[in-house]
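Subject: A structure for you to explore

Hello,

Here is the structure I promised to pass on to you. Have a look around it first, then read my notes below with the viewer open.

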Amino acid sequence: MNLNRRDFGKLALTAAAAPTGTLLAAKPNSVFNGVQLGVITYSFRDMPEAHTSAEKMLEYIVASGSSGIEFMSDAAEAYAGSPAVAYTQAGRGPGGFGGGARGGSGRGRGGAGGGRPQLTPEQRAEMQKQQQARNEEITKWRLSVSMDKYKALRKMYNDAGVTIYCLKLEPNANMSDDEMDYVFTVATTLGATSVTTELSNNAAFTQRAGDFALKHGVVTAYHAHEQARIDAWDNVLAQSKGNAVNLDCGHYYAGTGQSPIPALEKLHGRIASIHLKDRTPSAPGAPGANLPWGQGSTPIVEILQLLRDRKYNFPASVELEYQVPAGSDSVVEVKKCIEYARKALA
């Protein structure tokens, strides 16, 4: 089956008819021929209140037609009462979507940021002091918050037809055991079977993250960008059954210039979820483009059909990183991607 630029364009006519900002009456269903299509909620980062309102985020998910998500932690923790929401609303939050650990991903749509005045050493020291105080406030809140709001959040999403299969509330090497327990307890409370974080060379951390995941009956799934190769996860997978793979097919293709299908075949038993986007191969000094599905050369159709034909049971998340066209929004574009996948899996 060939789905190209013209096919993708036609999907806009159907997708644009879906209202944005209101919950749809019908529950979404993005399971096609046994393949769970979902979306990472980072895809809706440009929508109003996406960082701070779990209710608004749910509206965007349902309107996009997705019945499963990888949930970025911002809106989830905001719903539970995190003090971080005040910093996010003020435009000075600690990390925002992605938490700052995804440096080098090329994410976001802003300009290069030229013209920012150089900070004095005193100003830098003051900013670091303020950041540390914010981090300490958030950690203190995390260690005292009840899981009741997270239980209510899960019910709200499940009642709307949305399953939270993955949580991106990233553990890190500096967390205390109590805060690590918080991360994985939130994940299981929401119904997630994995927590995603960035692939690390810190063996002590990845061993610890895998052990904590096992303790809570889930896995820590490691995401990689263009540095990913077919053997990139070998060390963490050998360390612990609590470690797993979050394979970004677009980044893998852009970085290697090769189909990710051999990696999917090799790793399928340890993959927690994958990300889908359409990219072109990168070259030195020229990162591969992120394009509407069907305009790049990532073998999305073949990847989806592999999942269908081999009956791989991990979800595939739409990750919207291409430029949203004028007159559209990310909800409409995610809906087009999901429809593209449905046609590929028919």
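One term will help before we start: two residues are in contact when they have heavy atoms within 4.5 Å of each other. Please also keep in mind that this is a predicted model.

Let's begin with helix α6, which covers residues 148-159. This helix has 12 residues and reaches 16 Å from its first C-alpha to its last, close to the 16 Å expected at 1.5 Å a residue. Which residues of α6 are buried? They are Tyr-150, Leu-153 and Tyr-157. Looking down the axis of α6, you will find its buried residues within an arc of 55 degrees, so they line one face of the helix. Turn to the other side of α6 and you meet Asp-148, Lys-151 and Lys-155, which are exposed.

What do the buried residues of α6 pack against? Their partners are the helices α2 (54-64), α3 (73-79), α5 (121-142) and α7 (177-190), together with the strands β3 (68-72) and β4 (163-168). After α6 comes Gly-161, and its phi is positive, near 95 degrees.

Two of the α6 residues turn up again in the largest nonpolar core, which has 85 residues. Tyr-150 and Tyr-157 are listed with Phe-71, Trp-233, Leu-247 and Ile-274 as the members that touch the most other members. Take Ile-274 as an example: leaving aside neighbours within four places in sequence, its contacts include Leu-247, Leu-264, Ile-303, Leu-307 and Phe-314.

Next, the strands. In β4, 5 of the 6 residues are buried, so to speak of this strand as mostly covered is fair. β4 pairs with β3 in the parallel sense over 5 bridges, and Leu-167 in β4 is the bridge partner of Phe-71. β4 also pairs with strand β5 (residues 194-198) in the parallel sense, over 2 bridges. Here the bridge partner of Cys-166 is Ser-194, in β5.

Finally, find Glu-170 in the loop between β4 and α7. Is Glu-170 buried or exposed? Its relative accessible area is 15%, and buried means under 20%, so Glu-170 counts as buried. Its side chain is joined to that of Thr-197 by a polar contact of 3.1 Å. A polar atom of the Glu-170 side chain also lies 3.5 Å from the backbone nitrogen of Glu-198.

Enjoy exploring, and write back with any questions.

Best wishes

Technical notes: Residues numbered from 1 in each chain as written. Predicted model: local features only at pLDDT ≥ 70, side-chain atom pairs only at ≥ 80, totals over all residues. Heavy atoms only, no water. Helix = DSSP H or I, 4+ residues; strand = E, 2+ residues; numbered from the N terminus. Expected span 1.5 Å × (residues − 1). Buried < 20%, exposed > 50% of the residue type's maximum accessible area, 1.4 Å probe, protein only. Arc of directions from axis to C-beta. Polar contact = N/O pair within 3.5 Å; in protein donor to acceptor, adjacent residues only side chain to side chain. Core = buried A, V, L, I, M, F, W, Y, C linked by side-chain atoms within 4.5 Å. Pairing = 2+ DSSP bridges.
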